[in-house]
Amino acid sequence: MAYISSNANRFYTALESAYGQVPTITAGNRIPAVKLTVQQQLDVANRKDKTGSRTFAGLPVGGRRRTNFELQTYLTSWQNSGGGPGYGPLFQAALGGEPLMFAGGSVASSTAAGRLGFAAAHGLSAGQAVTCSGEVRFVAAIVDAQNVQLNVPFTTLPAAGATVAPAITYVPATELPSVGIFDYWSPATAVQRLLCGAAVDQLEIDVNGDYHEFQFKGLAQDVVDSSSLGSGTGVAQQLTSFPAEPALGSFDYSIVPGNLGQAWLGTTAAQFFTVTKASIVLKNDLDARTNEFGSSLPRAISPGQRTVTATFELYSQDDSNTAALYQAARQQSPISVMFQLGDAPGQLMGVYLQSMIPVVPEFDDSKNRLQWKFRPSRAQGTVDNEIAVAFG
């Protein structure tokens, strides 16, 4: 009998209609992933009954279970057909809001100050993204039914009649949905797994590595496998058979190199070419309903206060934009932060923090060039608007 190859692995994910309710998946729900780590532990309490010896007598069956997971993947190309990227449900689970889909439009006017006019009513809302000619931008304000103010202008102003491509934007919400994560292996007789009630507690977006990477960490209600259905509680007891893997469809994608993209920072956002490393981290402070009487599995999730932070490093230069960053940190003035990952249609991602007060940077003079290191700085907002993530 041969060993199972770690590459003979396929992942799928979809939103759950209710917490712990196994969703239906199709070939379109398949996602690229690097690694899925699942850890399930029993809450163990010491037995204090006197057994007449020093031998451990074991624990009762049916104790509370806690399941943690971590999924890592890359930014990849995707077919922009209106449904969003395959890992879109994970971003929705991390942020909470319903995705905002912009179908595209035609440019009527564009200015160097970032005002973009459409030939027809745009239907956009503040914080939503638009893409054009391999660039992504976010709507900072709605001017009227046909004009919007962008957070920063396009580097090459689109001419009248140019096409603004479709884009999908993920935004925060007070409540969070859960997802099902399916882990299939070849051969079919191998143990297959399903994470039900998976809730994202932390999302990390890494910029300018070998590749742009995403990490999703969180809590799941349970992990179910194809070898133990019908036993235990919850989904494992309710399913009569393990969900069959959908017929394999086309699954062709390209990984986006980590050096491709743009960085815009500042009280008046300016493009920086000196950023060497950056990350955006979102934490939901999740609390699962695990301590209630009558169940060994969590019954629901409850998010706490959201925390969004940005960390970045850049080379110091003697220009006004770099000096303005330091001044903003010293004066505790809010700046906007936008990272564009990728530079081609179908391989674009944008992350926008409209207001963040940077910490005073550390000076790193251990190398040939002076670097500034901005440690985690927290984004702020009014109501569910401190971050927006978009794909185009």
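Two strands are taken to pair if DSSP finds at least two bridges between them. In this predicted model, pairing in that sense yields an open sheet of six strands in the order S8-S9-S10-S7-S6-S11, and the pairing within the sheet is antiparallel. Strand S8 (129–132) and strand S11 (163–164) stand at its edges, and because each has a single partner strand, one side of each is left without a neighbour in the sheet. Within this arrangement, strand S9 (residues 135–144) runs antiparallel to strand S10 (residues 147–150), to which S9 is joined by four bridges; among the residues involved, Asp144 has Asn147 of S10 as its bridge partner.

Further along the chain, strand S23 (residues 335–341) is mostly covered, with seven of its seven residues buried, that is, under 20% relative accessible area. The burial extends to both faces of S23, since Ile335, Val337, Phe339 and Leu341 are buried on one side, while Ser336, Met338 and Gln340 are buried on the other.

The pairing of S23 was examined with respect to strands S17 and S24. Strand S17 (residues 261–266) pairs with S23 in the antiparallel sense over six bridges, and in this pairing Ala263 is matched with Phe339 of S23 as its bridge partner; Phe339 is also one of the buried residues listed for S23. Strand S24 (residues 349–356) likewise runs antiparallel to S23, to which S24 is joined by six bridges, and here the bridge partner of Ile335 is Met356 in S24.

Key
Residues are numbered from 1 along each chain as its sequence is written. This is a predicted model: local features need pLDDT of at least 70, side-chain atom pairs count only at pLDDT 80 or more; totals for chains, interfaces and linings use all residues. Side-chain values use heavy atoms; hydrogens and water are left out. Helices (H or I, at least four residues) and strands (E, at least two) are DSSP runs, numbered from the N terminus. Buried means under 20% relative accessible area, exposed over 50%, partly exposed in between (1.4 Å probe, protein chains only).
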